[in-house]
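Subject: Structure handover

Hi there,

Here is the structure I promised to pass on to you. Have a look at it first, and then read on for what turned up.

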Amino acid sequence: MKNDSISTPPFKFETERLTLRKPSLDDAQHIFNEYAQNAKVTKYMNWLPHTSVETTQNFIGNCCQWWENGEEFSWVITHKTENTPIGMISLRINDFKAILGYVLSESYWNKGYISEAAKILINWALNQSEIHRVWAFCDIENPASAKVMEKVGMKREGILKRWALHPNLPNNPRDCICFAITK
Ligand SMILES: CC(C)(COP(=O)(O)OP(=O)(O)OC[C@H]1O[C@@H](n2cnc3c(N)ncnc32)[C@H](O)[C@@H]1OP(=O)(O)O)[C@@H](O)C(=O)NCCC(=O)NCCS
């Protein structure tokens, strides 16, 4: 059942270099090939590397369902001139707060892509009258993700001790760093 009290974001955003669009099941094979089975990419994520495309298909099916019920909004990231996913970014809206999540194929790291994608979503979210806070967290040992959050104007709020399960790493639940931007 859709929660009508929250805003539904656009299915598509365009930035200078990227398109963000609602995922479709046709994306699963590309996502599996491009990054979902790469242990370097999943290292700090809350999921294990996918060992079959069926796992990726199930995940994309869930993403589509979450769009329908407003639980989470995710977009595949493509280069503007192409339709092939190179990553994903998501917003989960809970009352006046939105939490951001993201992942990118290793081939495209350190080109500013996730910062570019995150900025347009943060801008959309903070332009919604009911959303006052966009926040995110990353594993304490994930400096690239922490840097993204700083680059997009989020402020470091502190350490969330024993906050998240990152099954590719030891010592779970893991300490995480919390960042937020508010209005
Ligand atoms: C985290 C991730 C999404 C960043 O995406 P990206 O498009 O490479 O990010 P950007 O290029 O916008 O910014 C990355 C910044 O981190 C810096 N960085 C990268 N590795 C770093 C490291 N080991 N230590 C310090 N800084 C680092 C880069 O230099 C860059 O900063 P700069 O632009 O000032 O040079 C990408 O690395 C990724 O998908 N990682 C695996 C999945 C993941 O960890 N997701 C986040 C879960 S919270």
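Pro173 sits in the loop that links strand 7 (155-164) to strand 8 (174-182). In this predicted model, the peptide bond from Asn172 to Pro173 is cis, with omega near -5 degrees.

Two further backbone spots deserve a look while you have the torsions open. Arg162, which belongs to strand 7, has a positive phi of about 50 degrees despite not being a glycine. This residue counts as exposed because 12 other C-beta atoms lie within 10 Å of its own. Asn110 is a non-glycine with a positive phi too, at about 65 degrees, and its place is the loop between strand 5 and helix 4. Asn110 has 9 C-beta neighbours inside 10 Å, so it is classed as exposed.

Now to the ligand, which I suspect you will want to open early. The shell around the ligand holds 20 residues, and those that come nearest are Ile114, Ser115, Pro143, Ala144 and Lys147. Which elements supply at least two residues each to that shell? They are strand 5 (97-104), helix 4 and helix 5 (143-151). Helix 5 gives the most, with five residues. Sorted by class, the shell has 13 nonpolar, five polar and two charged residues.

Helix 4 also matters for the interior. The largest nonpolar core counts 44 residues, and those with the most contacts inside it are Ile77, Ile89, Leu100, Tyr102, Ala117, Ala118 and Leu121. Helix 4 (residues 113-126) provides the largest share of this core, namely seven residues. As background, nonpolar side chains in soluble globular proteins tend to be buried together. Ile77 is a good place to start browsing: leaving aside residues up to four places away in sequence, Ile77 touches Leu18, Leu20, Pro85, Ile86, Gly87, Met88, Ile89, Tyr113 and Ala117.

Is Glu116, another residue of helix 4, buried, partly exposed or exposed? Glu116 is partly exposed, because 17 other C-beta atoms lie within 10 Å, and a residue needs 20 or more to be buried. Not counting residues up to four places away in sequence, Glu116 touches Thr15, Glu16, Arg17 and Leu18. Should you wonder about Arg92, Glu116 is 24 residues from it in sequence and 18 Å from it in space, C-alpha to C-alpha.

Last, the helix packing. Two packed helices are generally described by the angle and the distance between their axes. For helix 1 (residues 28-36) and helix 3 (residues 53-69), the axes come within 9 Å and cross at roughly 115 degrees, and the crossing is right-handed. On the helix 1 side, Ala28, Gln29, Ile31, Phe32 and Ala36 make the contact, while helix 3 brings Val53, Thr56, Gln57 and Ile60. By class, this contact has six nonpolar, three polar and no charged residues.

Which residues of helix 1 are buried? They are Ala28, Ile31, Phe32, Glu34, Tyr35 and Ala36, and they pack against helix 2 (39-42), helix 3, strand 4 (87-94) and strand 5.

Happy browsing, and do write back with any questions.

Best wishes

Technical notes. Residues numbered from 1 in each chain as written. Predicted model: local features only at pLDDT ≥ 70, side-chain atom pairs only at ≥ 80, totals over all residues. Axes fitted to C-alpha atoms, helices over the stretch in contact; angles between N-to-C directions. Helix = DSSP H or I, 4+ residues; strand = E, 2+ residues; numbered from the N terminus. Left-handed = near helix turned anticlockwise from the far one by under 90°. Contact = placed C-beta atoms within 7 Å. Nonpolar A, V, L, I, M, F, W, Y, C, P; charged D, E, K, R; others polar. Core = buried A, V, L, I, M, F, W, Y, C linked by C-beta atoms within 7 Å. Near = placed C-beta within 6 Å.
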